[in-house]
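Student: I'm new to this structure and would rather get to know one part well than skim everything. Could you pick a part and walk me through it slowly, along with what lies around it?

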Amino acid sequence: MTTATVSPAVRNNPADVLAGDLAAIAGRPLSAVTGAEIQAPLIQGGHVRYANLDYGASAPALSVVSAYLNEILPFYASVHRGAGYASQISTSVYENARNIVRDFVGGRPDDSVIFTRNTTDSLNLLAGCLPHTEGRPAGDVLYLDIEHHANLLPWQGVPHRSVVAAPTIAGTIAALLAELQEGHVSLLAVTGASNVTGEILPIRALAALAHEHGARIVVDAAQLAPHRRINISADDVDYLAFSGHKLYAPFGAGVLVGRTDWLDAGTPHLAGGGAVKEAKLDGVSWATGPARHEGGSPNVLGAATLARATQVIASLDQDLWHAHESAIRSYLVEGLQKLEGVTVHQIFADADPGTGTIGVVNFSVAGYDAGLVAAYLSAEHGVGLRDGRFCAHPLLKRLGLPSGSLRASFGVGSRLEDAERLLAGLEQLRRTGLGWDYVVDSGRWVPANDTRTYPDWAPNTPGTAGAAPCLDD
Ligand SMILES: Cc1ncc(COP(=O)(O)O)c(C=O)c1O
């Protein structure tokens with residue numbers, strides 16, 4: 001295997017941009033992740049270390065979590081119903097995962113912790129548990145137009161109202177207040193951090209606002225949880241949803257944590273085995289507690305690794321964690337802003353670029369389709385990032401990006417060099433243009449005449465077809 005050299009972005013010496021020891025802190029991963037050293041083949045020949053700037057989609061597994069998985073895998077068995085040794089161990093791991101996750105989010109002792117497939121599933125579950133009075137929905141669900149589809153579409157099946165976010169966070173709070181004052185809102189559904197721009201919403205203030213108007217709040221923490229400690233008791237958040245696969249755990253389990261009354265009275269999310277107290281041929285008495293919504297055999301290893309990942313994240317030194325992430329972010333944003341034709345996108349003019357953002361940066365390059373830039377960065381520079389509309393179609397349209405943009409996202413396994421690699425690739429694009437021909441195949445830009453192959457164990461077919469579900473209309 002030959003290793004290609006990647007030139008650093010000449011205009012962005014980290015020491016010039018980052019004060020004190022920030023360049024050193026951001027220069028190495030904060031926590032080891034599995035796959036950090038994989039080599040990506042380049043279209044023009046040679047390999048480079050894969051620069052993974054797509055953490056916001058799915059983050060690599062923490063090495064500690066991978067080791068834990070190997071440890072528990074031999075004991076993996078069915079949970080709840082097995083009398084055997086392995087079943088008992090698996091059951092205790094699975095049930096204990098609830099307590100670990102409850103602690104991680106600062107849950108109240110009587111909060112339910114329900115394992116789901118992912119954040120999308122968690123929010124759909126909650127949509128089936130909204131309260132009713134005299135057989136009718138007790139109120140509307142209120143949400144902003146900046147939400148990921150996971151926190152938008154589940155509410156469209158119930159009475160709902162949407163609010164267009166203002167150009168500032170302060171203005172957005174005022175717009176939500178005005179809508180809450182209209183009355184008849186049962187739930188405010190809001191993201192903790194935008195998956196498009198990384199801007200953080202003030203969830204404590206929003207929870208207070210919702211409660212003052214007789215509503216509850218659910219926070220979609222799919223993006224926030226991997227980047228900030230959350231305490232739902234302190235912030236008075238009623239429900240919180242997030243996904244293991246974005247929080248450095250493999251297997252894609254998700255979780256919904258929150259107040260038990262609505263959940264115990266709601267429609268069972270998955271009718272079937274385990275969700276019942278007693279079933280008859282034509283009738284059923286449903287269980288309460290997490291079992292009510294966890295019909296069928298659960299994702300034991302998904303829940304276990306999710307819980308283990310939360311322990312690692314909880315043990316991080318918070319100052320160091322934030323310094324690492326915000327140093328990479330400010331270096332990247334500053335570098336992007338210096339590049340001619342590159343525009344960095346944000347929703348709110350008053351979001352603090354340091355404390356008010358997570359490791360997600362959104363941008364576009366004038367004169368190039370976002371998909372073409374992503375294909376070029378992957379093929380010619382071994383940089384992986386996301387393009388498209390990020391399952392947030394209404395927001396992208398409102399930002400004037402109806403055909404999409406690019407998103408670089410990073411986390412505890414990232415290092416400054418990942419950002420340098422992206423900047424170097426973009427700089428080369430501006431300077432010399434594309435170094436290869438690209439064609440559109442199944443709606444995606446791909447390098448023409450691509451003869452690179454996957455490892456022996458992977459099906460050697462490009463993974464583009466159907467791979468961008470949120471890109472199409
Ligand atoms: C803010 C936000 N909410 C929800 C989701 C959906 O997460 P999942 O695919 O794990 O259901 C995502 C995924 O990108 C997200 O970024």
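Tutor: What follows starts from one strand, moves out to its surroundings, and ends with some other spots worth finding.

Before that, some ground rules: this is a predicted model, where local features need pLDDT of at least 70, side-chain atom pairs count only at pLDDT 80 or more, and totals for chains, interfaces and linings use all residues. Residue numbers start from 1 along each chain, following the sequence as written.

Our strand is β11, residues 239–243. The helix and strand names come from DSSP runs, numbered from the N terminus: helices are H or I and at least four residues, strands are E and at least two. Five of the five residues in β11 are buried, so the strand is mostly covered. Here, buried means that 20 or more other C-beta atoms lie within 10 Å of a residue's own; exposed means 12 or fewer, partly exposed is in between, and the C-beta atoms are placed from the backbone.

Which way do the residues of β11 point? Y239, A241 and S243 go one way, while L240 and F242 go the other, and all are buried. That fits a general pattern: in a regular strand the side chains alternate between the two faces of the sheet.

Now for the partners of β11. Two strands pair if DSSP finds at least two bridges between them. Strand β10 (residues 216–220) runs parallel to β11, and three bridges join them. Within that pairing, V218 sits opposite Y239. Strand β12 (residues 254–258) is joined to β11 by five bridges, and these two run antiparallel. There, S243 has G254 as its bridge partner.

S243 turns up again at the ligand. The ligand is surrounded by 13 residues, and the closest are N118, T120, N195, A222 and S243. A residue is near a molecule if its C-beta atom, placed from the backbone, lies within 6 Å of it. By class, this shell holds two nonpolar, ten polar and one charged residues. Nonpolar means Ala, Val, Leu, Ile, Met, Phe, Trp, Tyr, Cys and Pro; Asp, Glu, Lys and Arg are charged; the others, Gly among them, are polar.

T120 leads us to helix α5, residues 119–127, which is mostly covered, with nine of its nine residues buried. Among them are T119, T120 and D121. The cover over the buried residues of α5 includes β4 (112–116), β10, β11 and β12, where two residues are in contact if their C-beta atoms, placed from the backbone, lie within 7 Å.

Strand β10 also helps cover helix α7 (residues 203–212). In α7, I203, L206, A207 and A210 are buried. They lie on the same side of α7 because they cover an arc of only 105° around the axis, the arc being that of the directions from the helix axis to the C-beta atoms. As a general rule, an α-helix has 3.6 residues a turn, so residues three or four places apart point the same way. Along with β10, what covers those buried residues includes α6 (169–181), β9 (185–191) and α8 (232–235). Just after α7, G214 takes a positive phi of about 75°.

In the loop between β9 and α7 you'll find G192. Why is G192 counted as buried? Because it has 25 C-beta neighbours inside 10 Å. Leaving out residues up to four places away in sequence, G192 touches residues including I203, V219 and D220.

Just ahead of β11, D236 sits in the loop between α8 and β11. D236 has 17 C-beta neighbours inside 10 Å, so it counts as partly exposed. Phi of D236 is near 60°, a positive value in a residue other than glycine. In general, most residues other than glycine have a negative phi. E134 also has a positive phi, about 50°, without being a glycine. The loop between β5 (132–133) and β6 (136–137) holds E134, which is exposed because 5 other C-beta atoms lie within 10 Å.

Finally, look for an open sheet of four strands, ordered β15-β16-β19-β18 with antiparallel pairing. At its edges are β15 (342–345) and β18 (386–388), each pairing on one side only.
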